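Me: I would like to go through some of the labels used for this structure and see what each one rests on.

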Amino acid sequence: MRKTRYVLNNGEIKRKDNTLYFDSEQGKVFIPVEDTHELMLFGEVTLNKSVLEFCTQKEIVLHFFNYYGYYSGTYYPREHYNSGYMILKQAEYYLDEQRRLDLAKRFVTGAGKNMLRVLKYYQNRGKEVQPAIDTIESQLAEIGLKSDIPSLMACEGHMREAYYSAFDEILGKPDFRFDRRSRRPPQNELNALISFGNSILYTQVLSEIYQTHLDPRIGYLHATNFRRFTLNLDVAEIFKPVLVDRVIFKVVGQGMLTKKHFMKESGGLLMTDTGRKVFLSEWEEKLKTTITYRSLGRKVSYRRLIRMELYKLEKHLMGEQEYIPFESLW
């Protein structure tokens with residue numbers, strides 16, 4: 001299997017014959033192109049047309065993040081798996097209000113159930129998170145009654161708010177208090193971690209969509225409008241509690257990240273380069289972790305699990321099999 005990604009920060013990507021290397025103040029790093037599926041580029045990274053053409057040839061996806069660590073955009077080599085049939089099916093489901101709403105409800109339900117799994121796991125370990133559980137359970141019961149996307153998104157927002165409010169109890173770290181959700185820029189360390197982790201998940205799902213027949217520009221919960229991509233945002237909702245939040249609990253709970261890994265910038269708080277490296281290292285370990293996939297009766301990695309979720313969605317759109325979101329065992 002190809003290595004999922006290389007993370008590059010401040011420098012220049014150069015091409016020499018059939019190889020790529022990254023030139024920065026830390027020296028040269030050669031990129032094994034045959035084993036690389038994507039590159040994550042942070043800060044000031046420069047490259048030329050020859051490098052882009054080579055990445056196209058080798059089917060390497062480029063994800064760009066700015067100086068502050070915010071996702072800026074993605075370069076797709078080419079839409080080599082996209083099919084006219086699947087694009088038409090996606091559009092068909094999007095334009096049909098009831099079918100779009102049905103799919104959106106499935107994404108929100110999957111997200112809510114996985115939030116509950118996380119909370120109940122920690123409740124069984126003595127954490128007082130019952131108020132958050134009660135709120136999410138009551139909101140899950142309301143999903144079937146929602147008649148439009150805005151009210152459904154409000155329901156999802158209430159669940160997420162209750163869920164995040166339990167983080168202080170789960171972590172028990174005075175230096176990492178949630179307070180309230182804040183973005184662009186995050187106002188404290190925990191919000192900075194959540195924002196960064198979610199952005200990384202969005203790019204991970206996007207890269208997996210690239211390996212399917214689906215078009216990432218057509219989503220259902222998130223409106224297909226002038227955004228670059230929306231389907232990856234939909235699918236990511238299911239995996240935020242399973243992947244992003246578990247990595248956060250580990251790096252904070254085990255003291256791998258501390259206040260020194262954050263810096264004040266632009267009226268908020270952002271992760272340092274070192275902090276991002278710590279998080280990304282644990283992120284890669286999480287993606288490689290395997291779990292038993294019940295319907296197959298064998299183990300698959302979390303990275304593969306995302307791809308399989310997309311295959312399930314394809315089958316739903318083609319009318320072959322009803323889409324049921326992945327639900328974690330804890």
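Me: What follows H1, and what is the sign of its phi?

Reply: Glu-59 follows H1, and its phi is positive, near 55°. Helices are DSSP runs of H or I with at least four residues, strands are runs of E with at least two, and both are numbered from the N terminus. This is a predicted model, in which local features need pLDDT of at least 70, side-chain atom pairs count only at pLDDT 80 or more, and totals for chains, interfaces and linings use all residues. Residues are numbered from 1 along each chain as its sequence is written, and side-chain values use heavy atoms, with hydrogens and water left out.

Me: Why is Cys-55 called buried?

Reply: Buried means under 20% relative accessible area, exposed over 50%, and partly exposed in between (1.4 Å probe, protein chains only). Cys-55 has 0%, so it is buried. Cys-155, at 1% relative accessibility, therefore counts as buried too.

Me: How many disulfides are there?

Reply: A disulfide is a pair of cysteine sulfur atoms within 2.5 Å. By this rule the count is zero.

Me: Why is H3 called roughly parallel to H8?

Reply: Helix H3 (residues 97-123) and helix H8 (residues 231-253) pack at about 20°, with axes 6 Å apart. Angles under 35 degrees count as roughly parallel, over 145 as roughly antiparallel, 65 to 115 as roughly perpendicular and the rest as oblique. H3 is therefore roughly parallel to H8. The axes are lines fitted to C-alpha atoms, for helices over the stretch in contact, and angles run from 0 to 180 degrees between N-to-C directions.
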